[in-house]
Amino acid sequence: MRRAPKTALVFGIGGQDGAWLAKFLLKRGYVVHGTSRDREASSFANLKRLGLFEQARLHSAVLSDFRSVVQVIGDVRPDEIYNLAGQSSVGLSFEQPVETLNSIILGTVNILEAIRFLGLAARFYNASSSECFGNTGHLPADEGRAFHPRSPYGVGKAAAYWAIANYRESYNLFACSGILFNHESELRPARYVTQKIVRGAADIAEGKTDVLRLGELSISRDWGWAPEYVDAMWRMLNHDTPEDFVIATGQAYPLEAFVHAAFDYFGLNWRQHVESDAALLRPSDIAVSVGDPGKAKRQLNWEAETKMPGVVAKLLDAETRRRRAAQA
């Protein structure tokens, strides 16, 4: 007898990770459902960009509203649930701390409660973040490193992480957190510094402007490629036991190196075009953030293939294609 395809429900399917995850799951024969706050008003631009809009089954759901969450989970009755929703910008979290904390903490607990309330055997993945650790120093952080978040976003992600652990231990739910370090793709919004750099370098190469203003260039980050990271999410939910994993490349690069690689792509000297602007500095920032993905390699057989130089090249290749298409 042929087995029925698995069903996945992706909260936040319209974001970068949600769209890449939808593509990943559809390729594996899943029936994919996804949510946004208002499916009629949402553009789902990322799904359309990947050619997936007609393939995903879309719903409206507000994570801070328990009834809304219960209704969509009860209607779909998925085998796997992925929570990739909530306010996702670290910088914006300083301007909107209440909204950030509510969307992350309350949303996570509502999904956990809905699974318990409905008595489902669904496996639950929650998107945690390297921001939970704060400064790692140059020693990569593994799953045993203590948390010290330095932003409202990091505080929310740390609280949600412990909620996942509590429900897993108290109610025997298959629930886990992926502690993902920075991961990029062309689907990132323009407000992210990686997109700001890529688009700024391209604009300067085209003669549209001559200066790119950035904040602190000395910070170091562990940058990976988003389509590879959604593979790790899926592996966590298809692991024998529910466990938390750090997902990272294991290599940190200064933002200055990212900028250098982006301008070098166009044969430009970044020092002639980039200015540091104190107005762009955050109230509190992380000097170095780097992860140790050893557990994921040992237990999930997952390893990042694309490191920072490759990430920059892929971003700029995609930006170049986007601009050519817009001019055609």
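**Cavities, sheets and a helix pair**

A search of the whole structure, which is a predicted model, turns up two cavities of 30 Å³ or more. The largest cavity holds about 40 Å³ of space. Its lining is made up of Leu63, Asn83, Ala85, Ser103, Ile104, Thr108, Asn126, Ala127 and Lys157. Two elements, helix H5 (97–118) and strand S5 (123–129), give two or more residues to this lining. Of the elements involved, H5 gives the most to the lining of the largest cavity, namely three residues. By class, the lining of the largest cavity is a mixture of four nonpolar, four polar and one charged residues.

Pockets offer another place to look. The second largest pocket has a volume of about 280 Å³. Its lining counts 14 residues, and those closest to the centre of the pocket are Phe24, Pro227, Glu228, Val230 and Asp231. Helix H1 (16–27) and helix H8 (226–237) each bring at least two residues to the lining of the second largest pocket. H8 is the element that gives the most here, with five residues. Sorted by class, the lining of this second largest pocket has five nonpolar, one polar and eight charged residues.

Next come the sheets. Following the order S3-S2-S1-S4-S5-S6-S11, seven strands form an open sheet with parallel pairing. Strand S3 (57–60) and strand S11 (245–247) stand at its edges, and each has a single partner strand, so one side of each is left without a neighbour in the sheet. From one strand to the next, the twist averages 25 degrees. At the S3 edge, strand S2 (residues 31–36) runs parallel to S3 and is joined to it by four bridges. To pick out one pair of residues, Thr35 has His59 in S3 as its bridge partner.

Helices pack on this seven-stranded sheet as well. H1, already met in the lining of the second largest pocket, touches strand S1 (7–11), S2, strand S4 (80–83) and strand S6 (175–180). The direction of H1 makes about 170 degrees with that of S1. Helix H6 (residues 152–171) also packs on the sheet, where it touches S5 and S6. Between the direction of H6 and that of S5 the angle is about 150 degrees. S5 can thus be found both in contact with H6 and among the elements that line the largest cavity.

Three other strands form an open sheet in the order S12-S9-S14, and here the pairing is mixed. Strand S12 (253–254) and strand S14 (288–289) stand at the edges; each has a single partner strand, so one side of each lacks a neighbour in the sheet. Strand S9 (residues 220–221) and S14 run parallel and are joined by two bridges. Within this pairing, Arg221 has Ser289 of S14 as its bridge partner.

Finally, a pair of helices completes the picture. Helix H7 (residues 193–205) and helix H9 (residues 255–265) pack at an angle of about 30 degrees, and their axes lie 9 Å apart. Their crossing is right-handed. From H7, the residues Val193, Thr194, Ile197, Ala201 and Ile204 meet Leu255, Phe258, Val259, Ala262 and Phe263 of H9. By class, this contact of H7 with H9 has nine nonpolar residues, one polar residue and no charged residues.

Key:
Residues are numbered from 1 along each chain as its sequence is written. This is a predicted model: local features need pLDDT of at least 70, side-chain atom pairs count only at pLDDT 80 or more; totals for chains, interfaces and linings use all residues. Side-chain values use heavy atoms; hydrogens and water are left out. On a 1 Å grid over the protein atoms alone, a cavity is a set of points where a 1.4 Å probe fits but cannot get out, and a pocket is an open set with protein on both sides within 12 Å along at least five of seven lines; lining residues have an atom within 4 Å of a point. Grid points are joined across faces, edges and corners, and a volume is the space filled by probe spheres set on the points. Ala, Val, Leu, Ile, Met, Phe, Trp, Tyr, Cys and Pro count as nonpolar, Asp, Glu, Lys and Arg as charged, and the others, Gly among them, as polar. Two strands pair if DSSP finds at least two bridges between them. Axes are lines fitted to C-alpha atoms, for helices over the stretch in contact, and angles run from 0 to 180 degrees between N-to-C directions. Contact means heavy atoms within 4.5 Å. A crossing is left-handed if the near helix is turned anticlockwise from the far one by less than a right angle, and right-handed if clockwise.
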